[in-house]
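Visitor: I would like to go through this model and ask what justifies each label. Please set the values against the cut-offs.

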Amino acid sequence: MGKKRKHSEPTEAAVTVKDESAPERPKRTLLGYKTKVEDEKKIDSPHAGFRNKEKVLVTCTRRISFRYRHLMLNLVDLLPHCKKDNKIESKESKGATLNELVELKSCSSCLFFECRKGKDLYLWMAKCPNGPSVKFLVNAVHTMEELKLTGNHLKGSRPILTFSSNFDKNPHWQLLKEMISQIFGTPKDHRKSKPYHDHVFVFSIVDDHIWFRNYQISCPHTGAQKLDCGDLDKMTLVEVGPRFCLNPIKVFGGSFGGPTLYENPFYVSPNQIRSLEKRKQAGKYVKKVKAKTRRKMHELENPLEVDEFADMWKE
């Protein structure tokens, strides 16, 4: 049997005592190290309690056409702070159903695509659960799949929202501008968004319609890590898509209903437009029938004289 080793007691120099007065390591985040002093300053500041927690629920009705479904999916890709849900039935109780879905998904806004007759697309833009809400008719729809555009930007990056000067003229346009800026603006420091801007959302009013365009911010890059001032002056916008036009119908005081705050006097429903076109086509047939009757009456009133040489070659 081997002898056991004698364990030598550690010397006083080898013994290290943990210094309790040493500062704790700060918490590491995606934006750097976070100290308690900064947290206390943020708490003491008057704007410390505000944080943009905007979340948008995007859904649609059943039996929606493929083009409108692609448009909805394009908007889902452009909004990293949105949540997509299953299709619902377009019935009278859609307002209560959508408010429950928004509450279950812990969202504050909703974009609801309602398709009727497989042709007409209506967009509901609502702030839940207290409103207001707006109903639009969507026209001139062009999705990313059908447009051959050269622009391209990274998914999840924050957009820059630009509005035309027409939005400041009337109160209802100012309300729509505020709702669009809250719904389409990506919150800062969102977990699914990138901390930079590389594309622009353009909202412009032409003929009482809101036209939407999406552009990529393209800048010539020489290969260096930093951009020159001359390169910044040469920035251009390249369209990415999708494209669509919003025709406002009504502005309601509540969520998906309530008192009417504004009604568009120039709005004409698609059903009325189609009925007018059918009447025009029916009018062409009526004109042909009337022309035939007038021709027969003219022939009866003005008969041709008998030709004396008509039976000359029959003998």
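Guide: One cut-off comes up repeatedly: buried means under 20% relative accessible area, exposed means over 50%, and partly exposed lies in between. The model is predicted. Glu239 has a relative accessibility of 14%, and because the limit for buried is under 20%, Glu239 counts as buried.

Visitor: What makes the contact of Glu239 with Arg213 a salt bridge?

Guide: The closest N and O atoms of Arg213 and Glu239 are 3.8 Å apart. The cut-off is within 4 Å, so the pair qualifies. Arg213 belongs to strand E10 (residues 209-218) and Glu239 to strand E11 (residues 236-239), with their positions 26 residues apart in sequence. Elsewhere, Arg62, Arg63 and Glu89 are joined into one network by salt bridges that share partners.

Visitor: How many salt bridges does the whole structure have?

Guide: The search finds twelve. One of them joins Glu54 and Lys127, with 3.2 Å between the closest N and O atoms. This pair links distant parts of the chain, 73 residues apart: Glu54 is in the loop between helix H1 (36-44) and strand E3 (56-60), and Lys127 is in strand E6 (residues 120-127). Both Glu54 and Lys127 are buried.

Visitor: Why is the pair Arg274 and Asp120 called a salt bridge?

Guide: The N to O distance between these side chains is 3.0 Å, and the limit is within 4 Å, so the label applies. The partners are 154 residues apart, with Arg274 in helix H6 (residues 270-301) and Asp120 in strand E6.

Visitor: Is Asp120 buried or exposed, and what about Arg274?

Guide: Asp120 is at 9% relative accessibility, so it counts as buried. Arg274 is at 23%. That value is not under 20% and not over 50%, so Arg274 is partly exposed.

Visitor: Where is Gln216, and why is it given its burial label?

Guide: Gln216 is in strand E10. Its relative accessible area is 18%, so Gln216 is buried under the 20% cut-off. Beyond four places in sequence, the contacts of Gln216 include Gly151, Asn152, His153, Asp198 and His199, as well as Thr236, Leu237, Val238 and Val240.

Visitor: What label does Leu154 get?

Guide: Leu154 has a relative accessible area of 48%, so it is partly exposed; the exposed label would need over 50%. Leu154 sits in the loop between strand E7 (133-142) and strand E8 (157-163).

Visitor: Which residues does Leu154 touch beyond four places in sequence?

Guide: Leu154 touches Tyr196 and Asp198. The C-alpha atoms of Leu154 and His197 are 9.6 Å apart, with a sequence separation of 43 residues.

Visitor: Which residues line the largest cavity?

Guide: Leu154 is among them, along with Asp77, Leu78, His153, Lys155, Gly156, Ser157 and His199. By class, this lining has two nonpolar, four polar and two charged residues. The volume of the largest cavity is about 30 Å³, and the structure holds one cavity of 30 Å³ or more.

Visitor: What lines the second largest pocket?

Guide: The lining has 15 residues, and the closest to the pocket centre are Glu54, Lys55, His81, His190 and Arg191. Three of the lining residues are nonpolar, three are polar and nine are charged. The volume is about 290 Å³.

Visitor: Which residues have the most contacts inside the largest nonpolar core?

Guide: They are Phe113, Met125, Phe184 and Ile210, in a core of 37 residues. Beyond four places in sequence, Phe113 is in contact with Val58, Thr59, Cys60, Thr61, Ile64, Leu71, Met72, Leu75, Leu121, Tyr122 and Leu123. Apart from this core lies another of 13 residues, among them Leu57, Ile88, Leu101 and Cys128. In soluble globular proteins, nonpolar side chains tend to be buried together.

Visitor: How many helices and strands are in the chain, and how much of it is buried?

Guide: The chain has six helices and 13 strands. Of its 315 residues, 33% are buried. Among contacts with a separation of 6 or more, 67% are between residues 24 or more positions apart.

Terms used: Residues are numbered from 1 along each chain as its sequence is written. This is a predicted model: local features need pLDDT of at least 70, side-chain atom pairs count only at pLDDT 80 or more; totals for chains, interfaces and linings use all residues. Side-chain values use heavy atoms; hydrogens and water are left out. Helices (H or I, at least four residues) and strands (E, at least two) are DSSP runs, numbered from the N terminus. Buried means under 20% relative accessible area, exposed over 50%, partly exposed in between (1.4 Å probe, protein chains only). A nonpolar core is a set of buried Ala, Val, Leu, Ile, Met, Phe, Trp, Tyr and Cys residues joined through side-chain atoms within 4.5 Å. Contact means heavy atoms within 4.5 Å. On a 1 Å grid over the protein atoms alone, a cavity is a set of points where a 1.4 Å probe fits but cannot get out, and a pocket is an open set with protein on both sides within 12 Å along at least five of seven lines; lining residues have an atom within 4 Å of a point. Grid points are joined across faces, edges and corners, and a volume is the space filled by probe spheres set on the points. Ala, Val, Leu, Ile, Met, Phe, Trp, Tyr, Cys and Pro count as nonpolar, Asp, Glu, Lys and Arg as charged, and the others, Gly among them, as polar.
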